[in-house]
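Hi,

Here is the structure I promised to send over. Have a look at it first, and then read on for what turned up.

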Amino acid sequence: MDTVDTDTQDFAARFTDSLTSAPGLELTLLRPLLTLLAAGEPVTADQLTADTGRTREEIRHALTAMPDTEYDAEGRITGYGLTLNPTPHRYETDGRTLYTWCALDTLVFPAVLGHTAQVTSPCRATGEPVRLTVTPDGPADVEPATAVVSLVACQAPASVRTSFCNEIHFFTGAEAADEWLAGHPGSRVLPVADAYAIQQPLIQQILTGTPSGCC
């Protein structure tokens with residue numbers, strides 16, 4: 001995080017703390033669930049049981065605590081951050097077209113899953129497409145180069161999707177985000193590279209399955 005100023009680092013710490021305290025974020029289950037969803041097919045509780053070594057009851061309990069989880073008519077998981085259901089954030093990887101709940105997901109998931117994604121998402125203000133390649137080491141080939149990502153830090157988040165994902169967007173530039181910022185006091189927009197850089201603590205938490213400071 002050496003490339004961002006102290007004020008931004010402070011905001012990043014608040015963002016990560018508020019995000020990881022949001023109801024419905026089960027860090028111990030997130031990476032295995034994302035890995036299965038990345039295959040492009042609905043995920044069953046039995047698959048999660050097999051991949052995590054946890055009991056079916058433990059998986060059921062964890063999923064109950066994740067109210068934002070998307071399911072199909074057969075009760076299989078179709079989305080949690082990474083989703084099979086279309087959203088504005090198109091995420092193409094390994095020949096599959098997937099989607100994410102927010103702009104930040106597109107930056108974080110390649111590092112978590114160890115693959116490269118081609119991302120296309122409309123500017124929240126103008127509708128113009130923002131395109132980029134995201135590798136496990138971060139974003140590249142951002143078009144337009146001026147693109148930014150909006151971030152919010154909630155004091156009392158209701159859930160991951162409603163309090164964070166629904167407010168984290170791409171904009172073609174900082175000026176395009178002016179109206180959004182005016183309606184979201186205390187929020188920020190950051191260049192895409194900086195938005196990725198400040199997510200390193202969150203990425204590590206997802207990779208290890210534990211919150212920072214946890215034994």
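Before the sheet, one bit of bookkeeping: two strands count as paired if DSSP finds at least two bridges between them. Also keep in mind that this is a predicted model.

With that rule, there is an open sheet of 3 strands, in the order E10-E9-E11, and the pairing is antiparallel. On the edges sit E10 (170–171) and E11 (188–191), each of which pairs on one side only. Strand E9 (residues 148–151) runs antiparallel to E10 and is joined to E10 by 2 bridges. If you want a spot to zoom in on, Val148 stands opposite Phe171 in E10. As a general reminder, strands of a sheet pair through backbone hydrogen bonds, either parallel or antiparallel.

What lies across the sheet strands E9 and E11? That is helix H1 (residues 6–20), which runs at about 115° to E11.

Now to the helix packing, where H2 is worth following. Helix H2 (residues 27–37) packs against helix H9 (residues 200–208) at an angle of about 85°, and their axes are 7 Å apart. Angles of 65 to 115 degrees count as roughly perpendicular, so H2 and H9 are roughly perpendicular to each other. On the H2 side you will find Leu27, Leu30 and Arg31, which meet Gln205, Ile206 and Leu207 in H9. By class, the residues of this H2–H9 contact are 4 nonpolar, 1 polar and 1 charged.

H2 also crosses helix H5 (residues 103–113), at roughly 95°, with the two axes coming within 10 Å. H2 and H5 are therefore roughly perpendicular to each other too. Here H2 brings Arg31, Leu34 and Thr35, while H5 brings Phe109, Val112 and Leu113. The contact of H2 with H5 again divides into 4 nonpolar, 1 polar and 1 charged. Arg31 is listed in the contact with H9 and in the contact with H5.

Last, the empty space inside. How many cavities of 30 Å³ or more are there? The count comes to 1, and the largest cavity holds about 210 Å³ of space. It is lined by 18 residues, and the closest to its centre are Leu19, Asp105, Phe109, Val160 and Leu202. H1, H5 and H9 are the elements that give two or more residues to that lining, and H5 gives the most, with 4 residues. Sorted by class, the lining has 16 nonpolar, 1 polar and 1 charged residues. Phe109 is worth a click, as it appears both in the H2–H5 contact and among the residues closest to the cavity centre.

Cheers

Methods
Residues are numbered from 1 along each chain as its sequence is written. This is a predicted model: local features need pLDDT of at least 70, side-chain atom pairs count only at pLDDT 80 or more; totals for chains, interfaces and linings use all residues. Side-chain values use heavy atoms; hydrogens and water are left out. Axes are lines fitted to C-alpha atoms, for helices over the stretch in contact, and angles run from 0 to 180 degrees between N-to-C directions. Angles under 35 degrees count as roughly parallel, over 145 as roughly antiparallel, 65 to 115 as roughly perpendicular and the rest as oblique. Contact means heavy atoms within 4.5 Å. Ala, Val, Leu, Ile, Met, Phe, Trp, Tyr, Cys and Pro count as nonpolar, Asp, Glu, Lys and Arg as charged, and the others, Gly among them, as polar. On a 1 Å grid over the protein atoms alone, a cavity is a set of points where a 1.4 Å probe fits but cannot get out, and a pocket is an open set with protein on both sides within 12 Å along at least five of seven lines; lining residues have an atom within 4 Å of a point. Grid points are joined across faces, edges and corners, and a volume is the space filled by probe spheres set on the points.
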